[in-house]
Amino acid sequence: MAINYQERIPNNVDLGNDRRLQRALEHWQPRFLDWWQELGPEGFQSKEVYLRTATSVDAKGWASFGKVKMPDYRWGIFLNPEEKDRTIGFGDDYGKPVWQQVPGEYRSTLRRLIVTQGDTEPASVEQQRLLGQTCPSLFDLRNLFQVNVEEGRHLWAMVYLLHAYFGRDGREEAEDLLLRHSGKEDNPRILETFNEPVSEWLSFFMFTYFTDRDGKYQLKCLAESSFDPLARTCQFMLTEEAHHMYVGETGITRIIRRTLEKMTELKTDDPIILRKAGVIDLPLLQRYVNYWFSSCMDLFGAEISSNAAITFANGIKGRPDERQYEDHIARDTSLEIEMPDEKGGICIEEVAVRSAINCQVRDAYIKDCMVGVTRWNRLIKKAGFDYAIELPSSRFRRNIGSWAGVTTTPKGDFISEAEFHRRQDEFLPSDDDRNYVLSLMRQVTEPGKIAGWIAAPDRGINNMPVDYEYVVLK
Ligand SMILES: [Fe+2]
Ligand SMILES: [Fe+2]
């Protein structure tokens, strides 16, 4: 169904035919806008930004580009079209028809999943709200805002489900999504990673590369759900999410490219000299990778999880691209996973597949993370330098799951807590690193100009030139 932009809330769910739901969402809409004004990107609400907006959900050209002020962005409700006779793709009810309504017995589980997903969307906007003040270029500024408005739309996607399928509880949850705030002392966001401010652009690119990719994998699991409206919502969100990871991957690529230029020019890999030259040395970048990757590991939950087993068995939450697995029921099968043994070593344990769902999802994520890393390393090698970015071990710096509290090096070798503390600055961004990165952050807003610590992008947005005025600041 085409998206109806004539209505106050653009949608492709025939909202006009459900007056009650429409009224409820129209009641929530001004609160959302208030939240956006208060906690959305600071200082740019009245500026025109070259943004893309969804116009239809089919594969060919769902986007239109144009200059809009962010508060006028047409946030709305877009679901992928209903797949005829879709059946449940995994778990105990494999092959039965999917659900168009929420089964009573799964109501609270589904509500919790939707709220947890929904909570991360406005959280990331809040975390990134000050970044505009230090943008490295107008191109990057525009990309930041594109990510922000789409995270806002993802909130709409979850709020629609809460309003449409969860009655009064759902409406209350939708209100609460605007009341919790990232880092707010007495009412923080649900997941810890989403309470830390993202205050400089290296972290923003790391966030969009690693944390948005975690989002992608959560959405991929929910896109398999037997609750069909949730599955279709997430399927469409995934098409938007791809851009966020593109921003992360190209951002980090451009940083590396700029550093390599300086390394070649100055014939050195000495961080001290490179910092004097105003670029981000690769070991520093590696420490940021260690930090962001390890905090994302925790977002997948414990390696062995009875919750994950239950939501899989019940057909609520599947695995990413469930079709790629051979056995969709996984009732009596097991797999081997690495666990800490009692003696400070590693042992292999046989675990029921259903209990190890989080592990499987996480492994798919790690594989996906590797794609960019491999590209970055190719770039470094091509420039003639002997250095490789590495993803840390999934045992490194964990707070959740079997490895919580076990101290290891980024390679995953066991070390004592004392040694970890002593060597912390070797593994993770030090105060020096953070201060250095912050010192690079200066706003560059002349069209076509780029800050010195990052290379220019290869191409502009939607075939526009790189020096196009992506945000009009006058
Ligand atoms: Fe999102
Ligand atoms: Fe995202």
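How many bridges pair strand 1 (residues 48-54) with strand 2? Select both strands and take a look: they pair in the antiparallel sense over seven bridges. Keep in mind as you go that this is a predicted model.

While you're there, click on Ala54, which stands opposite Ala63 in strand 2. Now add strand 5 to the selection. You have an open sheet of three strands, in the order 2-1-5, with antiparallel pairing. Strand 2 (63-69) and strand 5 (471-472) are the edge strands, each pairing on one side only.

Next, bring up helix 3 (residues 138-165). This helix lies across strand 1 and strand 5, and it runs at about 45 degrees to strand 1.

Keep helix 3 on screen and add helix 6 (residues 228-266). The axes of helix 3 and helix 6 come within 10 Å and cross at roughly 170 degrees, so the two helices are roughly antiparallel to each other. To see who meets whom, show side chains: on helix 3, try Asn143, Glu150, His154 and Tyr165, among others, and on helix 6, residues including Pro229, Met237, His243 and Val247. The residues of this contact divide into eight nonpolar, six polar and two charged.

Last stop: hide helix 3 and select helix 5 (residues 201-222) alongside helix 6. Their axes come within 8 Å and cross at roughly 155 degrees. Helix 5 and helix 6 are therefore roughly antiparallel to each other, and their crossing is left-handed. Colour this contact by residue class and you should find 14 nonpolar, five polar and six charged residues.

Technical notes
Residues are numbered from 1 along each chain as its sequence is written. Chains are lettered from A and ligands numbered from 1 in the order in which they are written. This is a predicted model: local features need pLDDT of at least 70, side-chain atom pairs count only at pLDDT 80 or more; totals for chains, interfaces and linings use all residues. Axes are lines fitted to C-alpha atoms, for helices over the stretch in contact, and angles run from 0 to 180 degrees between N-to-C directions. Helices (H or I, at least four residues) and strands (E, at least two) are DSSP runs, numbered from the N terminus. Angles under 35 degrees count as roughly parallel, over 145 as roughly antiparallel, 65 to 115 as roughly perpendicular and the rest as oblique. A crossing is left-handed if the near helix is turned anticlockwise from the far one by less than a right angle, and right-handed if clockwise. Ala, Val, Leu, Ile, Met, Phe, Trp, Tyr, Cys and Pro count as nonpolar, Asp, Glu, Lys and Arg as charged, and the others, Gly among them, as polar. Two strands pair if DSSP finds at least two bridges between them. Two residues are in contact if their C-beta atoms, placed from the backbone, lie within 7 Å.
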